[in-house]
Amino acid sequence: MAIIVDKVQKRRDIALTCKDLVVKKGIAHLTISQITAEAGIGKGTFYEYFQNKEDIVFEIVNILLMEHNAILDKKLSKAGSIKEKIKLFFDFFYNEEEAEVRELYKELISISLSEPVKEILEFQTKCHLTYRQWFTNMLDEAVAKGEIVESAKTLANGLLAFGGGMFISSCVTEAIDDLEYEINSYIDTIFELIEVKK
């Protein structure tokens, strides 16, 4: 009797087996031979599941970000004020617990900028739209509760761009010494402007 292989699960298993290797080597120094050795598969099997080494990075980040999103969603639902929620969201960019996912995310950004492919652009777009909706919902709720002024509803895209931009600047320049401080100071300043004074 022929064995039926769950190809989605197999692709996922191969990708996760190589997670530590990808973090250690980075996409620039990673080879297909290293990946197949780590996963214990032949090159033929690798190309049955992945187009290239960038594709395996994409799969790892996809899996880990979905897990991250599920955990973050629960944390946000338990957070108190809108300011606390926004700081919690941007915590991803500097906390130690997320360091590994962040390194892989940087690899995905690098691939997106240097060799954008349709699947990765669609994934990045889906992530952006999901996060923007989270921000929109949080801001709408805070306005309804009287925490912030009505005009703050338009800040969703700007806040997202701020967080991502600050993170990338901290990776590619020496101009940001303390990313946590810079992010939280900016958010505190924004809230000085938009919080309803009671």
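The side chains of Glu100 and Lys19 are joined in a salt bridge with an N to O distance of 3.0 Å, a salt bridge being defined as a side-chain nitrogen of Lys or Arg within 4 Å of a carboxyl oxygen of Asp or Glu. This pair connects distant parts of the chain, since Glu100 belongs to helix H7 (residues 99-114) and Lys19 to helix H2 (residues 19-25), 81 residues apart. Glu100 has a relative accessible area of 31% and is therefore partly exposed, where buried denotes under 20% relative accessible area, exposed over 50%, and partly exposed the range in between (1.4 Å probe, protein chains only). The structure is a predicted model, in which local features need pLDDT of at least 70 and side-chain atom pairs count only at pLDDT 80 or more, while totals for chains, interfaces and linings use all residues. Residues are numbered from 1 along each chain as its sequence is written, and side-chain values use heavy atoms, with hydrogens and water left out.

The protein chain contains 10 helices and 0 strands, helices (H or I, at least four residues) and strands (E, at least two) being DSSP runs numbered from the N terminus. In sequence order, the pattern of the protein chain is α-α-α-α-α-α-α-α-α-α. The C-alpha trace spans about 70 × 45 × 30 Å along its principal axes, and 41% of the 198 residues of the protein chain count as buried.

Side chains of opposite charge can pair when their charged atoms come close. In total, the structure holds 12 salt bridges. In one of these, Glu67 pairs with Arg12, with the closest N and O atoms 3.6 Å apart; Glu67 lies in helix H5 (residues 53-78) and Arg12 in helix H1 (residues 7-17), so that distant parts of the chain, 55 residues apart, are linked. Both partners fall in the partly exposed class, because the relative accessibility is 38% for Glu67 and 30% for Arg12. A further salt bridge is found between Asp188 and Lys83, at 3.6 Å from N to O. Here the linked parts of the chain are again distant, with Asp188 in helix H10 (residues 179-194) and Lys83 in helix H6 (residues 82-90), 105 residues apart. Asp188 counts as partly exposed because its relative accessibility is 30%, and Lys83, with a relative accessible area of 24%, is likewise partly exposed. In addition, a network of salt bridges links Arg11, Asp55 and Glu59.

Charged residues also occur in a negative surface patch, which is formed by Asp177, Asp178, Glu180 and Glu182. Such patches are made of residues with over 30% relative accessible area and no salt bridge, like charges being joined within 9 Å and nonpolar side chains (Val, Leu, Ile, Met, Phe, Trp, Tyr) within 5 Å. Within this patch, Asp178 is placed in the loop between helix H9 (156-172) and H10, and its relative accessibility of 40% is the reason why Asp178 counts as partly exposed. Another acidic residue, Glu122, is found in helix H8 and is partly exposed, with a relative accessible area of 45%. The C-alpha atoms of Glu122 and Ile71 are separated by 23 Å, these residues being 51 residues apart along the chain.

A pair of aromatic rings is described by the distance of the centres and the angle of the planes. The structure holds 16 aromatic pairs, for which rings of Phe, Tyr and Trp (its six-membered ring) must have their centres within 6.5 Å, planes under 30 degrees apart being stacked, over 60 edge-to-face and the rest tilted. The rings of Phe89 and Trp134 form an edge-to-face pair, because their centres are 6.3 Å apart and their planes stand at 85 degrees. Phe89 in helix H6 and Trp134 in helix H8 (residues 118-144) are 45 residues apart, so the pair links distant parts of the chain, and both Phe89 and Trp134 are buried. Phe90 and Phe135 make a tilted aromatic pair, with 5.8 Å from centre to centre and 40 degrees between the planes. Because Phe90 lies in helix H6 and Phe135 in helix H8, this pair ties together parts that are 45 residues apart in sequence. Phe90 counts as buried at 1% relative accessibility, as does Phe135 at 0%. The four residues Phe89, Phe90, Trp134 and Phe135 belong to one aromatic cluster, which also includes Phe92, Phe93, Tyr105, Tyr131, Phe162, Phe167 and Tyr186.

Key. Accessible areas come from the Shrake-Rupley method with a 1.4 Å probe; for residues, only the protein chains shown count as cover. Lys and Arg count as positive and Asp and Glu as negative; His and the chain ends are not counted. The place of a charge is taken as NZ of Lys, CZ of Arg, CG of Asp or CD of Glu.
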